[in-house]
Amino acid sequence: MPKYYEEKEEDGRACAGIKEDFKACLLQHDCVVKEGKKPSECLKEGHCKHLQVTFFECKRSMLDTRSRFRGRKGY
């Protein structure tokens, strides 16, 4: 279960849940915590890739006119 649903305020913006989970994944990853690297460096190494792709798909679906009928991708 994503952490977005547990004890958080309701954020009505599009893709807010994915954004929060993506941010939390990066900041809690061993690459940032133990090695002391920047989150942008860890992204280049491929950490949290699944959430990065999901966030991209959600943002892209906002511009897609077909999403009016299908709904936004993501959660």
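Let me start with the disulfides: a search of the whole structure, which is a predicted model, finds 3 of them. If we number the bonded cysteines of the chain in sequence order, the pairing reads 1-6, 2-5, 3-4, and I will take the pairs in that order, beginning with the outer one.

The outer pair is cysteine 15 with cysteine 58, whose sulfur atoms lie 1.8 Å apart. This pair links distant parts of the chain, since cysteine 15 sits in the segment before helix H1 (16-28) while cysteine 58 belongs to helix H4 (residues 49-63), and the two are 43 residues apart. The torsion about the S-S bond is -95°, and the link of cysteine 15 and cysteine 58 is left-handed. Are these two cysteines buried or exposed? Cysteine 15 has a relative accessible area of 5% and cysteine 58 has a relative accessibility of 1%; buried means under 20%, so cysteine 15 counts as buried, and so does cysteine 58.

Moving inward along the pairing, a disulfide joins cysteine 25 to cysteine 48, with an S to S distance of 2.0 Å. Here again distant parts of the chain are linked, with cysteine 25 in helix H1 and cysteine 48 in the loop between helix H3 (39-45) and H4, 23 residues apart. The link of cysteine 25 and cysteine 48 is left-handed, with -90° about the S-S bond, and cysteine 48 is buried at 7% relative accessibility.

The inner pair is cysteine 31 and cysteine 42, with their sulfur atoms 2.0 Å apart. This disulfide also connects distant parts of the chain, namely helix H2 (residues 30-33), which holds cysteine 31, and helix H3, which holds cysteine 42, at a separation of 11 residues. The torsion about the S-S bond of cysteine 31 and cysteine 42 is about -90°, and therefore the disulfide is left-handed. Both cysteine 31 and cysteine 42 are buried.

Let me finish with helix H4, which carries cysteine 58. At 1.5 Å a residue, the 15 residues of H4 should span 21 Å, and the end C-alpha atoms of H4 are 22 Å apart, which agrees. Which residues of H4 are buried? Among the residues of H4, Leu51, Phe55, Cys58 and Ser61 are buried, and because they cover an arc of only 125° around the axis, they lie on the same side of H4. As a reminder of the background, an α-helix has 3.6 residues a turn, so residues three or four places apart point the same way.

How values were computed: Residues are numbered from 1 along each chain as its sequence is written. This is a predicted model: local features need pLDDT of at least 70, side-chain atom pairs count only at pLDDT 80 or more; totals for chains, interfaces and linings use all residues. Side-chain values use heavy atoms; hydrogens and water are left out. A disulfide is a pair of cysteine sulfur atoms within 2.5 Å. Helices (H or I, at least four residues) and strands (E, at least two) are DSSP runs, numbered from the N terminus. Buried means under 20% relative accessible area, exposed over 50%, partly exposed in between (1.4 Å probe, protein chains only). The expected span of a helix is 1.5 Å times one less than its number of residues. The arc is that of the directions from the helix axis to the C-beta atoms.
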